[in-house]
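User: Please take a close look at a single part of this model, a helix and its surroundings, and describe how it packs.

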Amino acid sequence: MTQIVSTPAVRAPVAAPALSGPGLFTVLLAAALPLVDFFIVNVALPAIGTDLAAGEAVLELVVAGYGVAYAVLLVLGGRLGDLFGRRRLFLGGMAAFGLTSLACGLAPGAWSLVAARIAQGASAAAMLPQVLATIQAATSGTRRARAMSLYGATAGLSMVAGQILGGVLVAADVAGSGWRAIFLVNVPVVLLGLVLAVRYVPETRSQHPEPVDGPGTVLLAASLLTLLVPLTEGRAAGWPLWTWLSLAAFPFVAGAFYAVERRADRQGRTPLVPPSLFAVASLRRGLVLILPFSIGFSGFMFVIALVLQRGAGLGPVPAGLALAPMAVAFLFTSLAGPRLIARYGTRVIAVGSVLQGVGILLIVLAVWREWPHLGFGSLLPGAAVAGAGQALQLPNLMRIVMSEVPPARAGVGSGVMVTTQQSALALGVATLGTLFLSLVPHQGMRDALVITLLAQLAGIVLTGLLSLRLPRTVG
């Protein structure tokens, strides 16, 4: 009689989930929403102030409350996605974003709008890190490179399109909604995104999920709050004592955060932002470049919205459409980005800095010669050239930052990158916006704009010089 010996079945390795075309569209749609909403309010602030009888300080909180909550919670959102599943956090964050957008659109008063904007920023922080982490975990090779390039293009285009869309929606006054339409428009978009996400976005999570770092989370939040809140609110509040005390505390709180994270890393525990992650040269150098680029970008968008409406006397639609050449140039140039970076390497970023600098100088020339008659025609050459230059930088910088981050740390890596970008966007409004508004009473609006644009130009030059230190090729 033959004895049959059973052998344990060999389990085939589980294939990594793949992100399909509709899935990529869904996560990119979600990536666009928070950035559109950061910029969409710029051209709507005058209408909000009139309707809700809100002063300048409260209106700045409408912008800053969203941006600060978003920046403070992004890294935590990435860690929670690694821990509990990125698809789960993505769906929850998107649903919360839709509900808080509805609350913004229905806000009965200025302070309720501020509270809803803070909640909206927090929900965006739960949703957005899952986008990059899902791309990193569910794609590879050329598909990942293409997806990352599309992500960067989406991010840049959203920042310009948000301002254009804001002007169109305010002027359209859909069903008598006025400025409220800029928030209510998110609701049907979120509903579409949720339906698509349930069907097409795969579930991914870290194979070795790391628990939440409580002390690190608190100290990172305190670091960003002590820096961003006084800078965004200080000028409108008249620079009271608390703003200076907060800024003075920032380096100490940031130092404490770094010390706690380094100790946890050395002891084999799981810090919120592992200092060892910055040993990846592409991530470290890419983040350094994102800072001046994003500061200049957001500062420019904030200031130009004020100038076109208050100085040039344009309505919301002409003020928004004046930036249309920038959006169009960004879109078409970014589509060529992957091919250019494959052929010429990271020197494409330096070329982008040169183009953006030329575009800003053309805008300076137009302001100097044609003030106050600014509009679509006078800004077209400079806006188009600057948009093309921006498109050669931002998508490629984002791809570089994430190119060598291990999939297991995709959540924390994406959280760190988006936190850096969002903090820099908030800093741009605070620094360049404050510079411009401080100069206007003494220099006049034209000269204040020229000086602010030249300050942005210095940041563009810095970005170009720093890009020469990037590795020549992108993984």
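Analyst: What follows covers one helix pair, one residue on the way, and the nonpolar cores. The model is predicted.

Helix 6 spans residues 141-172 and helix 15 spans residues 376-402; their axes come within 8 Å and cross at roughly 135°. An angle over 145 degrees would count as roughly antiparallel and 65 to 115 as roughly perpendicular, so helix 6 and helix 15 are oblique to each other. The crossing of these two helices is right-handed. On the side of helix 6, the contact is made by Ala145, Met148, Ser149, Tyr151, Gly152, Ala153, Ala155, Gly156 and Met159. Helix 15 contributes Leu394, Pro395, Met398, Arg399 and Met402. By class, the contact residues are 10 nonpolar, three polar and one charged.

Thr154 also lies in helix 6. Its relative accessible area is 17%, below the 20% cut-off, so Thr154 is buried. Apart from neighbours within four places in sequence, Thr154 is in contact with Leu28 and Ala32.

Tyr151, one of the helix 6 residues in the contact with helix 15, is also among the residues that touch the most other members of the largest nonpolar core. That core has 107 residues, and the others in this group are Phe90, Val131, Ile135, Phe300 and Met417. Helix 11 (residues 281-311) supplies the largest share of the core, 14 residues. Phe90 is in contact with Thr26, Val27, Ala30, Met127, Gln130, Val131, Ala197 and Val201, leaving aside neighbours within four places in sequence. A second, separate core holds 24 residues, including Val36, Val58, Ala181 and Ile182.

Conventions. Residues are numbered from 1 along each chain as its sequence is written. This is a predicted model: local features need pLDDT of at least 70, side-chain atom pairs count only at pLDDT 80 or more; totals for chains, interfaces and linings use all residues. Side-chain values use heavy atoms; hydrogens and water are left out. Axes are lines fitted to C-alpha atoms, for helices over the stretch in contact, and angles run from 0 to 180 degrees between N-to-C directions. Helices (H or I, at least four residues) and strands (E, at least two) are DSSP runs, numbered from the N terminus. Angles under 35 degrees count as roughly parallel, over 145 as roughly antiparallel, 65 to 115 as roughly perpendicular and the rest as oblique. A crossing is left-handed if the near helix is turned anticlockwise from the far one by less than a right angle, and right-handed if clockwise. Contact means heavy atoms within 4.5 Å. Ala, Val, Leu, Ile, Met, Phe, Trp, Tyr, Cys and Pro count as nonpolar, Asp, Glu, Lys and Arg as charged, and the others, Gly among them, as polar. A nonpolar core is a set of buried Ala, Val, Leu, Ile, Met, Phe, Trp, Tyr and Cys residues joined through side-chain atoms within 4.5 Å. Buried means under 20% relative accessible area, exposed over 50%, partly exposed in between (1.4 Å probe, protein chains only).
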